[in-house]
Amino acid sequence: MTSSSTKKTFSLLSCDWIGFDLDHTLIRYRLPDLHALIYESMRQYLTETYEYNSRLLPLSYDNYFSVKGLIYDSFYGNLIQLNSNGFVNTALHGVHRRLTTEETKEIYSNTLKDIEEDTSERFLCMFTYFDHGISYLIANIVDLIDQENLYENSSENQIDLENKYKFFLIHLKKGSEHLYYDFNRGNYFASLRSNPDKYIYRRLDVRQWLEKLKKLNKKLFLATNSSFNNTDLLATYALGDDWKDLFDFIIVVSKKPSFFLNTKKRSFHRFIDENNMIPVTNEEIIQNFNKNYIYSLGNSEDLHYIMSQISNKDPVVIYFGDHIKADINALKRYTNWIAGVVLEELEFDSPPTVIHTTIHHSSTNDQSYIKGNQSKYFPSFFISPTDSIIFDYNNNINETQSEQTEPDAILPSLSSYWYAYITKHAHLSLSCLSILSNHFDLDHQFEYDQKSEHFVIMHKNE
């Protein structure tokens, strides 16, 4: 029984500062098209830059493959999922083969608890929707490696076959840098610039909600890892040309999660352009607060001090983000801010156990979004599996057949590792900011527990 002394309530009206991440929080993507774009862009990069076997090119993206939170084990070449205790309960090798319960227990006999802190570079944790296309690409590459022809045209002089499943991760990481951080090169940003309506939703309801909060003298801030060019592209389309006027403080290239770590304090810089940033002191920021400058880098401790000076009090701060580790874990561990996590999965799936819940009715506005798909290959993001999946083994990598069968073993209904992780570090879970803008009064009281419980906003279709 939880002590009543740990119970807390809050409303948005009780918050002095309200902060937001950009991607998958303020910006909502048309996910199937986004996933396909990332998959195609990375596949093109690998084949053109590193001369990967051209058989990778004809493989189109499968939107029913991935779920959020998969982990790539580069030692065995498996994509794995963990239960709440950190044990592997699902392992897929390539696109073709799901490991049996016996094989999984033999390879992963020990818990992988705290895997998000692993520094061995053996595991790649895929925390966000940006990783869906990457996980499917990884599975296809593993299949090609097993056929011993992935690297047949590679310009690399020597392939370490003992580390064959890890070798291509170097290329993937370089590809990610090329994909997400070079705004003026590559297919990804070019596609967003030329056809934003294909990949991004306009968010008039969220804009109106932000304007309403500002009229009530709430201070709004944006803290994103994205560059200014990317932020401006996305926010202009989603929120309007004057999107910067919606926020009292804007931070780009914030470098979360280190933004929240007091041991890695970076000073704030005033952003001039992508190649010109000027270091500034906290006092200079406070003095020039009304000039609406844009900043980069910085840290949460200095930001909280700045907010306290602007508000003339120790402020109540809430921050909404989607990244399981960079937004939620670091924020909860190193600040006293309220942590809100955006999980689109809550629109089409339900977590196994919820303590504090409010159910709202879906409206026509909510239905305008294309909801994400449940995977044919992996169990829910929220729960551990109780069913197994059978694949049709054949020579065509892209042709698989899945069906629900009798489970290999009857497993207890457990939370997934990442859902348990979220309940530990987040105070509030919701699928979309539009829920707050369309369904809840600003004085609605949300209840959470400082120790282990959190508040989940669930959907109920009318």
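A residue is called buried when its relative accessible area is under 20%, and exposed when that area is over 50%. Keep those cut-offs handy for the exercises below. One more thing before we start: this is a predicted model.

## Exercise 1: How covered is strand β4?

Work out how many residues of β4 are buried, and on which faces they sit.

**Solution.**
- Step 1. Find the strand: β4 covers residues 78-82.
- Step 2. Apply the cut-off. Five of the five residues in β4 are buried, so by the under-20% rule the strand is mostly covered.
- Step 3. Split the residues by face. In a regular strand, side chains alternate between the two faces of the sheet.
- Step 4. Here one side holds N78, I80 and L82, the other holds L79 and Q81, and every one of these is buried. Both faces of β4 are covered, then.

## Exercise 2: Build the sheet around β4

Put the strands of the open sheet in order and say which ones stand at the edges.

**Solution.**
- Step 1. Recall what holds a sheet together: strands pair through backbone hydrogen bonds, either parallel or antiparallel.
- Step 2. Lay out the strands. Five of them make an open sheet, running β6-β5-β4-β3-β7, with antiparallel pairing.
- Step 3. Look at the ends. β6 (97-98) and β7 (123-125) are the edge strands; each has a single partner, so one side of each has no neighbour in the sheet.
- Step 4. Check one flank of β4. Five bridges tie β4 to β5 (residues 88-93), and the two run antiparallel. Two of the facing pairs are Q81 with T90 and L79 with L92.
- Step 5. Check the other flank. β3 and β4 are also antiparallel, joined by three bridges, and I71 stands opposite I80.

## Exercise 3: Glycines in the hairpins

Which glycines take a positive phi in the hairpins on either side of β4?

**Solution.**
- Step 1. Take the hairpin of β3 and β4. Four residues lie between the strands, and G77 has a positive phi near 75°.
- Step 2. Move on to the hairpin of β4 and β5. Five residues separate these strands, and G86 in the turn has a positive phi of about 90°.

## Exercise 4: Positive phi beyond glycine

Compare N217 and L297: where is each one, and is it buried or exposed?

**Solution.**
- Step 1. Start with the angles. N217 has a phi near 65° and L297 a phi near 60°, positive values in residues other than glycine.
- Step 2. Place them. N217 is in the loop between α7 (204-215) and β8 (219-223), while L297 belongs to strand β12 (residues 294-297).
- Step 3. Apply the cut-offs. N217 has 67% relative accessibility, so it counts as exposed. L297 has 14%, so it counts as buried.

## Exercise 5: A helix tucked inside

Explain why helix α8 can be called largely enclosed.

**Solution.**
- Step 1. Locate α8 at residues 228-239.
- Step 2. List the buried residues: F228, N230, T231, L233, L234, A235, Y237, A238 and L239.
- Step 3. Draw the conclusion. Nine of the twelve residues are buried, so the rest of the structure largely encloses the helix.
- Step 4. See what comes next: α8 is followed by G240, which has a positive phi near 120°.

## Exercise 6: Count the disulfides

How many disulfides does the model have?

**Solution.**
- Step 1. Remember the chemistry: a disulfide is a covalent bond between the sulfur atoms of two cysteines.
- Step 2. Use the cut-off, which asks for two cysteine sulfur atoms within 2.5 Å. The count by this rule is zero.
- Step 3. Look at two cysteines anyway. C15, at 0% relative accessibility, is buried, and C125, at 16%, is buried too.

## Exercise 7: Look into the largest cavity

What is the volume of the largest cavity, and what lines it?

**Solution.**
- Step 1. Count first: there are three cavities of 30 Å³ or more.
- Step 2. Take the largest, with a volume of about 80 Å³. Twelve residues line it, and those closest to its centre are Q81, L82, S380, F381 and S416.
- Step 3. Sort the lining by class: five nonpolar residues, six polar and one charged.
- Step 4. Link back to Exercise 1: Q81 and L82 are among the buried residues of β4.

Notes: Residues numbered from 1 in each chain as written. Predicted model: local features only at pLDDT ≥ 70, side-chain atom pairs only at ≥ 80, totals over all residues. Heavy atoms only, no water. Buried < 20%, exposed > 50% of the residue type's maximum accessible area, 1.4 Å probe, protein only. 1 Å grid on protein atoms, 1.4 Å probe; cavity = no way out; pocket = protein on both sides within 12 Å on 5 of 7 lines; lining within 4 Å. Points joined across faces, edges and corners; volume = space filled by probe spheres on them. Nonpolar A, V, L, I, M, F, W, Y, C, P; charged D, E, K, R; others polar. Pairing = 2+ DSSP bridges.
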